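Trainee: Could you take me through one part of this model closely, and show how its surroundings fit together?

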Amino acid sequence: MTAALMGGTMTLLAACGGNERPRTELQAAQLNTIGVNAYLWRAALDTVSFAPLLQADSNGGVIVTDWYANPANPGERVKLTVTILDQDLRADALRVSASRQVSETGSWVEAPVQAATVQKLEDIILTKARDLRRQALAS
């Protein structure tokens with residue numbers, strides 16, 4: 001009886017041998033421990049790194065900067081919020097919003113943000129994320 005069990009076990013183990021191993025085809029973006037797309041997350045952090053961070057929540061996918069004033073234009077400041085909505089690297093998985101204020105008589109007043117500015121930031125983040133993904137797949 002023991003010999004039969006050993007023989008059966010050896011047969012099963014022999015079937016597991018060989019060079020053919022099952023391959024998992026998970027997308028590289030989903031091989032992470034954060035709640036959102038890792039490439040979008042890294043690209044977004046890199047893109048808004050010029051401004052001080054108020055909040056960075058990788059599980060919720062939210063990055064909020066503090067007010068940033070360009071030294072070349074101290075009478076204007078911006079605040080950004082980047083939200084990553086999905087684990088897939090897609091354009092609709094990213095949302096950027098911006099607030100802008102200008103200094104008028106010593107106080108900050110809300111001012112409009114051009115839609116092209118927000119679109120440009122989204123494009124920069126998406127391009128960086130795609131580059132990071134290409135680099136990861138090439139290595």
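Mentor: Let us start with a pair of strands in this predicted model: β3 and β4 run antiparallel and are joined by nine bridges. Two of the residue pairs help to place them against each other, for E76 stands opposite V102 in β4, while the bridge partner of I84 in β4 is L94. On another front, β3 is joined to strand β2, residues 62-65, by three bridges, and these two strands also run antiparallel; here I63 has V82 of β3 as its bridge partner.

These pairings belong to an open sheet of five strands, in the order β1-β2-β3-β4-β5, with antiparallel pairing. At the edges stand β1 (53-57) and β5 (107-111), and each has a single partner strand, so one side of each is left without a neighbour in the sheet. From one strand to the next, the twist averages 15°. A helix, α3, packs on the sheet, where it touches β3 and β4, and its direction makes about 135° with that of β4.

With the strands and the helix in place, we can turn to the largest pocket, which holds about 290 Å³ of space. The lining is made up of 17 residues, and the closest to the centre of the pocket are E76, V78, L80, R100 and T117. E76 is thus a residue to look at twice, since it is among those closest to the centre and also stands opposite V102 in β4. At least two residues of the lining come from each of β3 (76-84), β4 (94-104) and α3 (115-138), and β3 gives the most, with four residues. Sorted by class, the lining has nine nonpolar, five polar and three charged residues.

Finally, look at the loop between β3 and β4, where R90 is found. R90 has a relative accessibility of 38%, and therefore counts as partly exposed, a class that lies between the limits of 20% for buried and 50% for exposed. Leaving aside residues up to four places away in sequence, R90 touches L40 and L126. R90 and R130 are 40 residues apart in sequence, while their C-alpha atoms are 9.5 Å apart in space.

Methods
Residues numbered from 1 in each chain as written. Predicted model: local features only at pLDDT ≥ 70, side-chain atom pairs only at ≥ 80, totals over all residues. Heavy atoms only, no water. 1 Å grid on protein atoms, 1.4 Å probe; cavity = no way out; pocket = protein on both sides within 12 Å on 5 of 7 lines; lining within 4 Å. Points joined across faces, edges and corners; volume = space filled by probe spheres on them. Nonpolar A, V, L, I, M, F, W, Y, C, P; charged D, E, K, R; others polar. Pairing = 2+ DSSP bridges. Axes fitted to C-alpha atoms, helices over the stretch in contact; angles between N-to-C directions. Contact = heavy atoms within 4.5 Å. Buried < 20%, exposed > 50% of the residue type's maximum accessible area, 1.4 Å probe, protein only.
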